[in-house]
Amino acid sequence: MTRSGPGQAATVLAEASRALAAILSGQTADEALSAFAASPYRAAVRAVTLGTVRWYLRLKPAVDSLLARPRTLPREIGALLAVAAHQLEYSRNAPQLTVHAAVDAVKILHHQHASGLINAVLRRLVAERQDTFAQVDRDPARRTAHPRWLADALLSAWPLHGLRCLEADNVHPPMTLRVNCMQRTPGDYLDELAEAGMPGRLLEWGTEFPDPPAVVLDRPVAVAALPGFLAGRVSVQDAGAQLAAPLLDARPGMRVLDACAAPGGKAAHLLELTRGQLDLWALDIDAGRLERVRENLSRLGLSAHVVAADVRDPDMFWDRRPFERILVDAPCSGTGVIRRHPDIKLLRRPQDIPAFAAGQLEILEAAFRMLAEGGRLVYSTCSMLPAENEAVVERFLARSPHARALSTPAERFAPGALACRWGVQLLCGGAAQTDGFYYACLEKTTSGIM
Ligand SMILES: C[S@@+](CC[C@H](N)C(=O)[O-])C[C@H]1O[C@@H](n2cnc3c(N)ncnc32)[C@H](O)[C@@H]1O
């Protein structure tokens, strides 16, 4: 929140409270914040809302411990307490100004009757902040602001690394770039960035990947300011996501299906690595999201067959000519990208995970049917939960006599990658500072085309 008069500060707190209340009712952060797109304070509202969302599951128990009856508050007032507590704990604003602004925000929210309560609770939080948070922080799930079910799942899946993952979920990610190898080498682009006052470094992969390294900027910049962005010299893409295309090992002239393609980052990478010489089908069930694929390909000067269809329904789009390579970047819980989308911590429910896993298996099986004999399919997710990753591959292999898993030794894959029974897992914020990703390489042994 910027330092300014109480009017602006109160409005920012009130608008952020409304946005948070909407997210707590099930909207995504993007949906909730779109209601404030015309606000003169939209940048501050966004920063305060996302900061509060990131830390909500730590802030809420702290505030609740100061309330006699936490559950009886109107939703926006409960949200205002969390937003103001976030300012008290994580901003450098003078605490008294935040308390005053929160009391003014109560009026903007038309809940004047709650002014006394807001004032009393926040003043107590100012006075007892350290003790209050020390109590909350005894519990790792609360200290790292995760829902208990997710903290438990990650800690039990990754006993040695789970706590570090929970902590990494709250750290802002670096800005990572994929240099279009049809136009520049990453080293040359790094020089171009340095000349433009945007220093960065190359992120080297394991020996499995002679492919171009990612570029990590020292400090994030506006995307449009990147040299040659509009001319297609570079794209913004997490380094972990940049492993999908090399793993698929597509060669010029091949027929390739990207079965879940939008917004098109990995599809574009596949085309860049083969100098545009693929017969690439970029498929997605969401026609709206496919617009992003078209925009990305057009900016990069690349082309593909962009098809709106459900991959589970091949009769609607497939001409029965098998694909030599298939990428299944399946829809998932997104638990590997929480640092970019902290609302995932508030929106996901434990029962979503088996539902995602069932959908992933269906998509994987449908895509595999379209794979050529001897062809390769890469299954990937941005989840860190084995239930969506190796458990899906395990079930798939048990039901698919024509499938076999190719080995991807973790130590040759990427720094910090963990070997799973099938495939490899990158955990969020591991040695390579990537998002969390899972990759498994599968091959069709004899004809299982149907
Ligand atoms: C993780 S995103 C893909 C990201 C993309 N590969 C990239 O790198 O930019 C998953 C995508 O799967 C799509 N999807 C979900 N179910 C699908 C289905 N049954 N058939 C095709 N696409 C599907 C979603 O619309 C979403 O765009």
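In which helix is the place of Ala141? In this predicted model, Ala141 belongs to helix α7, which spans residues 140-143. With a relative accessible area of 5%, Ala141 is buried, because this value falls under the 20% limit. Once neighbours within four places in sequence are set aside, the contacts of Ala141 are with His146, Arg148 and Ala151. A further spatial relation links Ala141 to Leu163: the two residues are 22 positions apart along the chain, and their C-alpha atoms are separated by 9.1 Å.

Ala151, one of the contacts of Ala141, is also among the buried residues of helix α8. This helix comprises residues 148-157, and Leu150, Ala151 and Leu154 are buried in it. These three residues lie on the same side of α8, because they cover an arc of only 100° around the axis. In an α-helix there are 3.6 residues a turn, so residues three or four places apart point the same way. The cover over the buried residues of α8 includes α7 and α9, the latter formed by residues 162-168.

The loop between α7 and α8 contains Ala145. Although Ala145 is not a glycine, its phi is positive, at about 60°. The relative accessible area of Ala145 is 1%, and the residue is therefore classed as buried. A positive phi also occurs at Asp249, a residue other than glycine, with a value near 55°. Asp249 is located in the loop between α11 (244-248) and β5. At 26% relative accessibility, Asp249 counts as partly exposed.

Asn170 occupies the loop between α9 and β1, the strand of residues 176-179. Its relative accessibility is 10%, and Asn170 thus counts as buried. A polar contact of 2.8 Å joins the side chain of Asn170 to the side chain of Lys345. Apart from neighbours within four places in sequence, Asn170 is in contact with Arg54, Trp55, Thr144, His146 and Lys345. His146 is likewise a contact of Ala141.

A cis peptide bond is present from Ala262 to Pro263, with omega near 5°. Pro263 is situated in the loop between β5 (255-258) and α12 (265-273). Ala262, the residue preceding this bond, is also listed with the closest residues to the ligand.

The ligand is surrounded by 20 residues, of which Ala262, Asp284, Arg289, Asp310 and Asp329 are the closest. By class, this shell consists of eleven nonpolar, two polar and seven charged residues. Oxygen atoms of the ligand are found at short range from two side chains, with distances to an N or O atom of 2.6 Å for Asp284 and 3.2 Å for Lys266. A nitrogen atom of the ligand lies 2.8 Å from an N or O atom in the side chain of Asp310. Taken alone, the ligand exposes 600 Å², and the protein buries 86% of that area.

Definitions and conventions:
Residues numbered from 1 in each chain as written. Predicted model: local features only at pLDDT ≥ 70, side-chain atom pairs only at ≥ 80, totals over all residues. Heavy atoms only, no water. Near = heavy atom within 4 Å. Polar contact = N/O pair within 3.5 Å; in protein donor to acceptor, adjacent residues only side chain to side chain. Areas by Shrake-Rupley, 256 points an atom, 1.4 Å probe, with all protein chains shown as cover. Nonpolar A, V, L, I, M, F, W, Y, C, P; charged D, E, K, R; others polar. Buried < 20%, exposed > 50% of the residue type's maximum accessible area, 1.4 Å probe, protein only. Helix = DSSP H or I, 4+ residues; strand = E, 2+ residues; numbered from the N terminus. Arc of directions from axis to C-beta. Contact = heavy atoms within 4.5 Å.
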